[in-house]
Amino acid sequence: MTKMMNLSPETVSLLLLLALLSPTLLLCSGDSTTVEDESPPTVCIIGSGIGGSSVAHFLRNYSASTALSRSRILMFERHERVGGRMRTVTVSGDTFEAGGSILHPKNYHARDFVERFNLTVRSPTAVEECSAVGIWDGKRFVFKTFGSSIPFVDKIVSWLNDVYMFVRYGFSLLRMSNFIESRPVFDSVEGMLKWSGLYNLTKVTLQEKLSEAQLSPLLVNELVTVITRINYGQSVLISGLAGAVSLAGSGGGLWSVEGGNWQMAAKLINHSDVTLHLNEQIQSVSHLGDYYELKSAKGNSFKCDVTVVSTPLDEVDIQFSPAISIPKRELQHTHATFVRGLLNPEYFGMKLVSDVPALVGTLEDPLIPFSCISILRKYSATDMTYKMFTRQPASDSLLDELFSARTETVRIDWGAYPKYHAPEVFAPFILDDHHLYYVNAFENAASTMETSAVAGENMARLIVSRFRTKESSSSSPSSDTRSCSSGLHSDM
């Protein structure tokens, strides 16, 4: 609970072992030859977030002995910056994560990117380490922990909070921990989920799974609801797998990249020999026999042998010819509002702002106008920077109720992740019979930075395997899998 003030669902536990086995098998085929006398293929990637940048990175890593080893990679980003939903904002000269904010200690790919490119892991601030958490029901705090940022004292306070939570929630806390640890978070669509044994988690709600795990309704309605509202902006009626990811995100050891997580995407792009087109919104993708033609809003046209869509198709208007068919879904918008000023203690029925917990989580009630509020930086007792999540845009009138003073306000609207339902329906990775791919198909299972990176690697392997199959005249991309070993990343 002490780490719940990290306000984004960038968490995965024990994800990669299962996620990497299946695509590894696709790459173990024996003999393949590179056709040197043909012109190198062009791979076009729409979107420069962690998914698209990972596709470029792993294509370079895995395409040896195929025509793809000499490929041109073009990347198109409709905004003026790379990173997709990883973004920072500046409030009064200080930089804060505004999109994908935190990573789990077991995030294999993110850790590898940080080490590979000499990025720096950001240590939690004293405010982020503070253990003061309150659960607000719209009228009062139904639960509050103690808080301290004093060395050594904070460890005692943390222990007291554990005891306090146990008194309130009993053995259900232990059952929740077992629920998280016994269900590895898996990144994929239907086939991979069935193979891994996690498919059924997408067919029932988190509430149903926690009931099966014998968690008390009090724990689910309070603590678990606070976590899912923070991490996915939704209630415990989300699918069981997305819920397991969300609960994993409330654990300890969470981290981020100093200066902004978007740097991972930037480094992957810079080191993958990519031709980057910023402010280039792709409007149409047409398959014209042997190649794809991409046209942009600027009137530019690009010829591509492989096209990879690495942006949610739910909120971009790309016309496909021939038309593609994917399940309709809706994204959950999270409105992140950054305020430098001072919270109004009277709103919470208190006299002093110091009495308000550093993280205020909320119950599922349509009358509560925000999902959570947390302190990002404390400059003095009367001057702080806060981050607030809401499902609707935060109006000035609401902010004036919540804050007694505001010197700066920054608002960001994110189409952050799917609205999760059970049972979930998944889009395919391969959108046609040729080389049109969709990385974001996996998001209906779970949406995190790490799962996007794993999906990107899976996509790169799938593309390479299909090129190898074509070059070796095999009838099926998976025809060689039975003789393969799955040793990649065996050090996990």
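The link between Cys-44 and Cys-304 is left-handed, with -80° about the S-S bond. The model is predicted, and it holds one disulfide. In that bond, the sulfur atoms of Cys-44 and Cys-304 lie 1.9 Å apart. The pair ties together distant parts of the chain. Cys-44 sits in strand E1, residues 42-46. Cys-304 belongs to strand E12, residues 301-304. In sequence the two are 260 residues apart. Are these cysteines buried or exposed? Cys-44 is buried, and Cys-304 is buried too.

Next comes the interior. In soluble globular proteins, nonpolar side chains tend to be buried together. Here the largest nonpolar core has 62 residues. Six residues have the most contacts inside this core: Met-264, Val-285, Leu-294, Val-308, Met-459 and Ile-463. Which helix gives the core its largest share? Helix H13, residues 449-471, does, with nine residues.

Take Val-285 from that list. Its neighbours within four places in sequence are set aside here. Val-285 then touches Ile-46, Tyr-292, Glu-293, Leu-294 and Thr-307. The contacts of Val-285 also include Ile-318, Gln-319, Phe-320, Ser-321 and Leu-436. One of these partners, Leu-294, is itself among the residues with the most contacts inside the core.

Another core lies apart from the largest one. This other core has 38 residues, among them Ile-135, Ile-230, Val-245 and Cys-372. Cys-372 has a relative accessible area of 0%, so it counts as buried.

Val-245 leads on to a pair of helices. Two packed helices are described by the angle between their axes and the distance between the axes. Helix H9 covers residues 217-232, and helix H10 covers residues 240-248. They pack at an angle of about 95°, with their axes 9 Å apart. H9 is therefore roughly perpendicular to H10, since angles of 65 to 115 degrees count as such. Which residues meet there? H9 brings Val-224, Ile-227, Thr-228, Asn-231 and Tyr-232. H10 brings Ala-242, Val-245, Ser-246 and Leu-247. Of the residues in this contact, six are nonpolar and three are polar. No charged residue takes part.

Now turn to the backbone. Two peptide bonds before prolines deserve a look. The bond from Ser-321 to Pro-322 is cis, with omega near -5°. Pro-322 lies in the loop between strand E14 (319-321) and strand E15 (331-343). Ser-321 has already appeared, as a contact of Val-285. The bond joining Ala-422 and Pro-423 is also cis, and its omega is about 0°. Where is Pro-423? Its place is in the loop between strand E19 (403-418) and strand E20 (436-438).

Positive phi angles come last. Ser-92 is not a glycine, yet its phi is positive, at about 55°. Ser-92 is in the loop between strand E3 (88-91) and strand E4 (94-97). Its relative accessibility is 36%, so Ser-92 counts as partly exposed. Asp-273 is not a glycine either, and its phi is positive at about 55°. This residue is in the loop between helix H11 (262-270) and strand E9 (274-277). Is Asp-273 buried or exposed? Asp-273 counts as exposed because its relative accessibility is 61%, and the cut-off for exposed is over 50%.

Methods
Residues are numbered from 1 along each chain as its sequence is written. This is a predicted model: local features need pLDDT of at least 70, side-chain atom pairs count only at pLDDT 80 or more; totals for chains, interfaces and linings use all residues. Side-chain values use heavy atoms; hydrogens and water are left out. Axes are lines fitted to C-alpha atoms, for helices over the stretch in contact, and angles run from 0 to 180 degrees between N-to-C directions. Helices (H or I, at least four residues) and strands (E, at least two) are DSSP runs, numbered from the N terminus. Angles under 35 degrees count as roughly parallel, over 145 as roughly antiparallel, 65 to 115 as roughly perpendicular and the rest as oblique. Contact means heavy atoms within 4.5 Å. Ala, Val, Leu, Ile, Met, Phe, Trp, Tyr, Cys and Pro count as nonpolar, Asp, Glu, Lys and Arg as charged, and the others, Gly among them, as polar. Buried means under 20% relative accessible area, exposed over 50%, partly exposed in between (1.4 Å probe, protein chains only). A nonpolar core is a set of buried Ala, Val, Leu, Ile, Met, Phe, Trp, Tyr and Cys residues joined through side-chain atoms within 4.5 Å. A disulfide is a pair of cysteine sulfur atoms within 2.5 Å.
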